[in-house]
Structure formats: structure tokens, C-alpha cells
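This report goes through selected features of one structure, moving from a charged surface region to helices, ion pairs and backbone geometry. The model under discussion is predicted.

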Amino acid sequence: MSQTILLVEDDDKLASLVAEFLESNDYQVQIEANGTKAIDLIIEQQPRAVILDVMLPGADGLTVCRTVRPHYSGPILMLTSMSDDIDEVAGLETGADDYLSKPVKSRVLLAHLRALLRRVEVSDSLESGTEFIHAGKVKINPQNRTVISDGQVVHLTTAEYNLLWLLAERSGEVVSREELHRKTFRLEYDGTDRSIDLRISRLRKKLGDDPKLPYIIKTIRGEGYLLTK
């Protein structure tokens, strides 16, 4: 995987400002303004992370995210100037790991990017040398971050895998939404953020879990989530 951060943004001035700021913080940055071209770049170059605007010429950001997800497991941070909650839901459901609304302060963007990259690095470090984890029909190989459900390989994003890992570490126990949010985002849960719920929903879908009667990841009302043993 490349060490370059791919910034997909068609506002030339904004892209230059963001790139300069990230480069001043020791990141390598490549800018692409066209969504269709970005799809090829992400799949071919496998950047360290992608910062992806929603409104783009060519393919829009949601299409880019949806298209590359089966081929790219790195973090995707989505940006948009829209304020409608539907856009956030759509972004997360297409495979984005995080979501920020414009205008966003440079240091806030940097903090979110660092958090995404830190979760990947910490997860890799902690999992080194760990044996398989079994949770019901789910089998997790932490050596290569492979997940198998019912004998089929399941392709997860970095955020989805890390969330599953948090649940798998305490398989058979209830993990509160607050704890999952805190460990995922390094922020306290404010009681309204839906990011964890959306990621659980995506995980269930990919693992073949019935959303109406889930048997792999159970919702314990008023308490949190439980990955069955």
C-alpha cells in the first residue's frame, strides 16, 4: 500500500490549501479532481488513505466509494458541503470510514485523518502473532485481517473490521455503544451520533445476518451490542 494520501477534490484552491497543510504535517499528498479517474487511482495505487469530496465531476463521491470498496480496504474520509443527514447516512452506507461537513477546519480534518490511520496502525500492532478468533459462524484471522462467515470470505472496510474486532475481543459479552464509540473515534459518545449503528448495520449485511432477527451481532436494548460465541 502506498504511503500517499489521495485527496479527491475539484475545488483547486481548497485542494491546494488542504494538501499544503497536510504536507506541512509530514504527509505525502496527491490531488485528483475527477471522480472517475480517482476510482482507477485508488484501485491501482492503494493509497494510505483517501479524502473524498461528495460533489465531483465524473463519478460523484458516493459512486467512487461504492465502486472502490470491494478492492480497497484503507480509510476513506468523506467531505461534503451538504448538511442533510441523508448524505451522511448514504456516505457511511457506501463504505466511508468517517464523514465531515464543509467548511471544515484544517486541524479538525487532520485530527480525523490521524485517528483513522492510528486505528489501522494500532490494530495491526496489537494483532501481530494473535491466533484465530471464532465467534459462532464468524472466523477472524488477525494476521491478515481476513474474515470468513459461513465459509465465505467477507470483504470489510478498515472501520468495519476494527469494529468487528472490538466486539470479537469480548465475544459473548455486551459492549456498550458508548465504549465502541469512544474506542473507535477517541471521543465521548454524545447520545445522538449514529455512526456505530450504521456500521453495525453494514457489518450485519456483509456477514449475512438477518437485520430483523440478527443472530451474529445482537442488539441488547439499552445496553449495547453482543457478538455471539
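## Arg118 and the positive patch

R118 is found in helix α5, which covers residues 106–127. In this predicted model, the residue has a relative accessibility of 34% and therefore counts as partly exposed, since that class lies between the cut-offs of 20% for buried and 50% for exposed residues. R118 belongs to a patch of positive charge on the surface, in which it gathers with R107, R114 and R186.

One member of that patch, R186, also stands out in its backbone, for it follows just after helix α7 and takes a positive phi of about 60°.

## Helices α7 and α8

Helix α7 spans residues 177–185, and its buried residues are E179, L180, H181, T184 and F185. The buried E179 is also part of a network of salt bridges that links it with R170, E173 and K183.

Helix α8 comprises the 13 residues 195–207; at 1.5 Å a residue it should span 18 Å, and because its end C-alpha atoms are 18 Å apart, the expected and modelled values agree. Within α8 the buried residues include the aliphatic positions I196, L198, I200, L203 and L207, while S195 and the arginines R199, R202 and R204 are buried as well. Just after this helix, G208 takes a positive phi of about 80°.

The two helices are joined by a salt bridge between the side chains of D197 and R177, with an N to O distance of 2.9 Å. Since D197 lies in helix α8 and R177 in helix α7, the pair ties together parts that are 20 residues apart in sequence. With a relative accessible area of 23%, D197 is partly exposed, and R177, at 24% relative accessibility, likewise counts as partly exposed.

## Tyr225 and its neighbour in space

Y225 lies in strand β12, which is formed by residues 224–227. Its relative accessibility is 5%, so Y225 counts as buried. The C-alpha atom of Y225 is separated by 7.1 Å from that of R177, although the two residues are 48 residues apart along the chain. R177 thus has two links described here, because it also takes part in the salt bridge that ties α7 to α8.

## Salt bridges between distant parts of the chain

A search of the whole structure finds 9 salt bridges. In one of them, the side chains of D53 and K102 meet at 3.2 Å, N to O. This pair links distant parts of the chain, as D53 sits in strand β3 (residues 49–53) and K102 in the loop between β5 (98–101) and α5, 49 residues apart. The two partners fall into separate accessibility classes: D53 counts as buried at 4% relative accessibility, whereas K102 counts as partly exposed at 22%.

Another salt bridge brings together the side chains of R69 and D97, with an N to O distance of 2.6 Å. Here too the pair links distant parts of the chain, with R69 in the loop between α3 (61–68) and β4 (76–80) and D97 in the loop between α4 (85–93) and β5, 28 residues apart. R69 has a relative accessibility of 10% and so counts as buried, and D97, at 0% relative accessibility, counts as buried too.

## Backbone geometry in the loops

Most residues other than glycine have a negative phi, and most peptide bonds are trans. Against that background, the peptide bond from K102 to P103 is cis, with omega near -5°. P103 is found in the loop between β5 and α5, and K102, on the other side of this bond, is the residue whose side chain meets that of D53 in a salt bridge.

Positive phi values also occur at D26 and Q46. D26 has a phi near 75°, a positive value in a residue other than glycine, and is found in the loop between α1 (12–24) and β2 (28–32). At 73% relative accessibility, D26 counts as exposed, because the class begins over 50%. Q46, which is not a glycine either, has a positive phi of about 50° and is found in the loop between α2 (35–45) and β3.

Conventions: Residues numbered from 1 in each chain as written. Predicted model: local features only at pLDDT ≥ 70, side-chain atom pairs only at ≥ 80, totals over all residues. Heavy atoms only, no water. Patch = residues over 30% accessible without salt bridge, like charges linked within 9 Å, V, L, I, M, F, W, Y side chains within 5 Å. Areas by Shrake-Rupley, 256 points an atom, 1.4 Å probe, with all protein chains shown as cover. Salt bridge = Lys/Arg side-chain N within 4 Å of Asp/Glu carboxyl O. Lys, Arg positive; Asp, Glu negative; His and termini not counted. Charge placed at Lys NZ, Arg CZ, Asp CG, Glu CD. Helix = DSSP H or I, 4+ residues; strand = E, 2+ residues; numbered from the N terminus. Buried < 20%, exposed > 50% of the residue type's maximum accessible area, 1.4 Å probe, protein only. Expected span 1.5 Å × (residues − 1).
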